[in-house]
Amino acid sequence: MFKIYVDGDAFPNLLKPILLKQIERLKIETIVVANKKINIGKSNLVEYMIVDVGADEADNKIVEMLEEGDLVITADIPLADRTISKNAHAIDHRGELYSVDNIKQYLAMRNLMEKIRESGEITKGPKPFSSKDAELFANQINAFLTKATK
């Protein structure tokens, strides 16, 4: 059985009960990795792991533990890319399922926007997380887990 890894540092509160319900329903071992205490809910199936503070510490720990077929929940596109390269799966907080077919496009756009910001251009950040985003995530995680556990 695969595991779920949650990149916990920026995991939206709206998604915590949605994910916990799926974890409990399907009995999937889940590891929440963050550089501070994050709680998605009480469950014997959820392990919490705190890593050192620093850029990419949580990402590096997730990639280190990740095995083929596992699922990573993250809004971090470079982490999603590293996940896909290990033949695992990644879903973002807004319900996007990253894949071999789309991850390089997302990574290229992220890198382009980073270069634009570094040049001094002021860009809009992502739109605020909404209940519609939570609904898209709930639908995607349900579809993915239903298919993966059959």
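Helices here are DSSP runs of H or I with at least four residues, strands are runs of E with at least two, and both are numbered from the N terminus. The model is predicted: local features need pLDDT of at least 70 and side-chain atom pairs need 80 or more, while totals for chains, interfaces and linings use all residues. Residues count from 1 along each chain as its sequence is written, and side-chain values use heavy atoms, without hydrogens or water.

**View 1. Confidence along the chain, from β4 to α4.**
The mean pLDDT (the predictor's confidence in each residue, from 0 to 100) is 92 for the chain. A score of at least 70 is reached by 100% of the residues. Strand β4 has the highest confidence, at 98. Helix α4, residues 103-118, has the lowest, at a mean of 80. Where pLDDT is low, predicted coordinates should not be read in detail.

**View 2. The buried face of helix α1.**
K16, L19, L20, Q22, I23 and L26 are the buried residues of α1 (buried is under 20% relative accessible area, exposed over 50%, partly exposed in between, with a 1.4 Å probe and protein chains only). These residues span an arc of only 160° around the axis, so they sit on the same side of α1. The arc is taken from the directions that run from the helix axis to the C-beta atoms. P17 and K21 are exposed on the other side of α1. The buried residues of α1 pack against strands β1, β2, β3 and β4 and against helix α5. Contact means heavy atoms within 4.5 Å.

**View 3. Just past the end of α1: residue K27.**
K27 follows directly after α1. It lies in the loop between α1 and β2. Its phi is positive, about 55°, although K27 is not a glycine. Is K27 buried or exposed? K27 has a relative accessible area of 55%, so it is exposed.

**View 4. Helix α1 beside helix α5.**
Helix α1 covers residues 16-26, and helix α5 covers residues 131-148. Their axes come within 10 Å and cross at roughly 15° (axes are lines fitted to C-alpha atoms, for helices over the stretch in contact, with angles from 0 to 180 degrees between N-to-C directions). That crossing makes α1 roughly parallel to α5. Angles under 35 degrees count as roughly parallel, over 145 as roughly antiparallel, 65 to 115 as roughly perpendicular, and the rest as oblique. The α1 and α5 crossing is right-handed. A crossing is right-handed if the near helix is turned clockwise from the far one by less than a right angle, and left-handed if anticlockwise. On the α1 side, the contact uses I18, L19, Q22, R25 and L26. On the α5 side, it uses A134, F137, A138, I141, N142, L145 and T146.

**View 5. E135 of α5 and its distance to I18.**
E135 belongs to helix α5. With a relative accessible area of 45%, E135 is partly exposed. How many residues apart along the chain are E135 and I18? They are 117 residues apart, yet their C-alpha atoms are separated by 9.2 Å.

**View 6. The covered face of helix α2.**
In α2, residues 57-65, the buried residues are A58, D59, I62, V63 and M65. Seen down the axis of α2, they fall within an arc of 170°, so they line one face of the helix. Their cover includes strands β1 (4-7), β2 (30-34), β3 (46-50) and β4 (71-73). Helix α3 (77-85) is also part of that cover.

**View 7. Helix α3 against helix α4.**
The axes of α3 and α4 are 9 Å apart, at an angle of about 155°. The two helices are therefore roughly antiparallel to each other. Their crossing is left-handed. I77, P78, A80, D81 and I84 of α3 meet I103, K104, Y106, L107 and R110 of α4.

**View 8. Two loop residues, N87 and N102.**
N87 sits in the loop between α3 and β5 (89-91). Phi of N87 is positive, near 60°, in a residue other than glycine. N102 sits in the loop between β6 (97-98) and α4. Is N102 buried or exposed? Its relative accessible area is 13%, so N102 is buried. Leaving out residues up to four places away in sequence, N102 touches E96 and L97.

**View 9. I116 of helix α4.**
I116 belongs to α4. I116 counts as partly exposed, at 28% relative accessibility. Leaving out residues up to four places away in sequence, I116 touches E121 and T123. I116 and D70 are 46 residues apart in sequence, and 34 Å apart in space from C-alpha to C-alpha.
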